[in-house]
Amino acid sequence: MSEHLPVRGRDDQNHARRDVLKGGAALLGAAAFARALAPLATFAESVSTEDFLQKHYKELTPNELETLLHRIERETLERTGRTVQVRADAPIEGVRFAYALNLSICIGCRRCAEACHQENNHDRATHNSYIRVFEMDKGSIDFGKGTVDYVHPVPRDDKFYMPVQCQQCNDPPCVKVCPVEATWKERDGIVVVDYNWCIGCRYCEAACPYHARRFNWTKPTIPADEINPDQGLLSNRIRPQGVVEKCHFCLHRTRRGRLPACLEACPTGARVFGNLLDPDSEIRWVLANKRVFVLKEELGTRPSFFYFFDE
Amino acid sequence: MTSRVRPLPKPSLAGLVLLTGLGWASGCGVDQPERLQPALAKDAPRQPTTLLPRSPVPGVGVLTDRVDHAGNPVRARCSSCHATRSANDPARDDASELKDFHNGLTLRHGTLRCGQCHGSPGPYGAPDYDTLRLADGRAVAFDDAIDLCAQCHGPQKRDYDHGSHGGMRGSWDRRLGARERNQCVHCHDPHAPAYVGMVPAPGPRDRFMLHPERGAAGGGH
């Protein structure tokens, strides 16, 4: 039998509907694609050519480092009108930083988080800070039951307060997972981030067991008169959009011998900072004489941040 | 059917050398030698630790609301009254009934009484209220009150000396800079020393709110 069933032709009504649907879907797809590419339109403004071609921090010769610092200072002046000084201090030999926090006298006032917010040129809209203070029930270290957004006067009798920031681990998971080696542990123990090299994949943010790393979803906004002009290349200079940042033990201060901003702001003196390799330092006395522990010890990260009780 | 795809040219030794050479010449992937600041010398001089003054107005005595000819606030020295009149029952433990002076003073420091800290035995046996007294009667200046607190609060004083109580400003190593310390009385009113507490600074405003039911401002309890 050579008779075929009638075949629907191109001039049928159904095909017109199909065409309209196809056209509409194609239009939606194109619109979504254009919207997705929209950030690239502003990309050229936010990143200069030198920024884009910037070498890794560890590969910069001293001259190139100087040039980079001056370029950042110039760009900050152009964008904000503020004259800042960006430095790239090297670690001090024979120094290994560590931090200890006295849970018996921390009252959860968040002055440390506020000082960090101001010292490190954080985004004002999210009130970002590297420090997060947990209000915990006495008798347990269950962070699932801790709160960070309490507003009542502190301290409450049935709670203790635990500020958490980057622990500068000695076996850091964030360093291991970075696909481009934009983060590494320096000789003095501080785990640093090269903001020009970071690609913003957030693997480190996922790997950190302490949620110490924060991602800049938007360009950080700070009023020009609130900018801290004393800046470090790897620490508190104004970060670009799309990079990860975290506590760096205020290395623009501590590598010059000054105490970190969070410690100076603490009204009770619950924070202790110093050089682990100096047997006369306060941090060594605390580790030898107090009831000291670290967070999530079972993960083997070996933090440089210790917590202790007085009793 | 034979493949129409042209095979890629085989990498030549010259090409590899060229690429590596370009990479080497541009410094690609070569770490610079590590920079370090010199270590601290063990015997380098240490800068001093200064105690912050216990009050913006120096001197001993009760602050009055008067100013002197230069505009400085005037203190009424304790001995201006207590040289000629004895203190009204130094064994009292409640200052609220005092009528002539020290009105409104709250004393809430365990079982302590006025005379246990105030009034070291002066010449001729009369108490000298311009100094404080240790437990054995020895006089200690108001500026050295830390030693008085340390008599009973030894563990806190030990912690303070080792930097884990009372905070500091300045340097983590005094070979690199000076340091300032608070005195006990900066945080603890000696007459009612229990730490008062404070309203915390604002918390994080996260991208995804931690407790959506509390609202954007974090709400209140």
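**A guided look at chains A and B**

Student: Where is L40(A) placed in chain A?
Tutor: Follow chain A along residues 13-46, a helix (a DSSP run of H or I, at least four residues). L40(A) has its place within that helix, which is α1.

Student: What kind of model are we reading?
Tutor: Residues are numbered from 1 along each chain as its sequence is written, with chains lettered from A and ligands numbered from 1 in the order written. Side-chain values use heavy atoms, without hydrogens and water, local features need pLDDT of at least 70, side-chain atom pairs need 80 or more, totals for chains, interfaces and linings use all residues, and the model is predicted.

Student: Is L40(A) buried or exposed?
Tutor: Look at its relative accessible area (with a 1.4 Å probe and protein chains only, under 20% is buried, over 50% is exposed, in between is partly exposed). L40(A) has 54%, so this leucine counts as exposed.

Student: And H117(A), is that residue buried or exposed?
Tutor: H117(A) is found in helix α4 of chain A, which covers residues 111-119. Setting aside residues up to four places away in sequence, H117(A) touches (heavy atoms within 4.5 Å) several residues, among them H122(A), D123(A) and R124(A). Its relative accessibility is 4%, so H117(A) is buried.

Student: How far apart are the C-alpha atoms of H117(A) and A261(A)?
Tutor: Along the chain, these two residues are 144 residues apart. In space, their C-alpha atoms are separated by 9.6 Å.

Student: Which side chain makes a polar contact of 3.4 Å with the side chain of Q168(A)?
Tutor: Q168(A) is in the loop between β4 and α5 of chain A, and its relative accessible area of 0% makes it buried. A polar atom of its side chain lies 2.8 Å from the backbone nitrogen of V191(A). The polar contact (N or O atoms within 3.5 Å, one able to donate a hydrogen and the other to accept it) of 3.4 Å links the Q168(A) side chain to that of K246(A).

Student: How many salt bridges does the whole structure have?
Tutor: Each one joins a Lys or Arg side-chain nitrogen to an Asp or Glu carboxyl oxygen (within 4 Å). One of them pairs K176(A), which is exposed at 58%, with D171(A), which is partly exposed at 29%, and their closest N and O atoms are 3.5 Å apart. Another joins E205(A) and R202(A) at 2.8 Å. Over all chains, the search finds 31.

Student: Which residues are linked with R87(A) in a network of salt bridges?
Tutor: Every member of this network belongs to chain A. Besides R87(A), the linked residues are D89(A), D230(A), R256(A) and R258(A).

Student: How many residue pairs are in polar contact between chain B and chain A?
Tutor: In terms of contact, 49 residues of chain B meet 61 residues of chain A. For polar contact, with both residues at pLDDT 80 or more, the number of pairs is 26.

Student: Lastly, how many salt bridges cross the interface of chain B and chain A?
Tutor: K290(A) pairs with D159(B), with 2.8 Å between the closest N and O atoms. R179(B) pairs with E282(A) at 2.7 Å, going from strand β8 of chain B to helix α9 of chain A, and both of these residues are buried. Across this interface, the number of salt bridges found is four.

How values were computed
Helix = DSSP H or I, 4+ residues; strand = E, 2+ residues; numbered from the N terminus.
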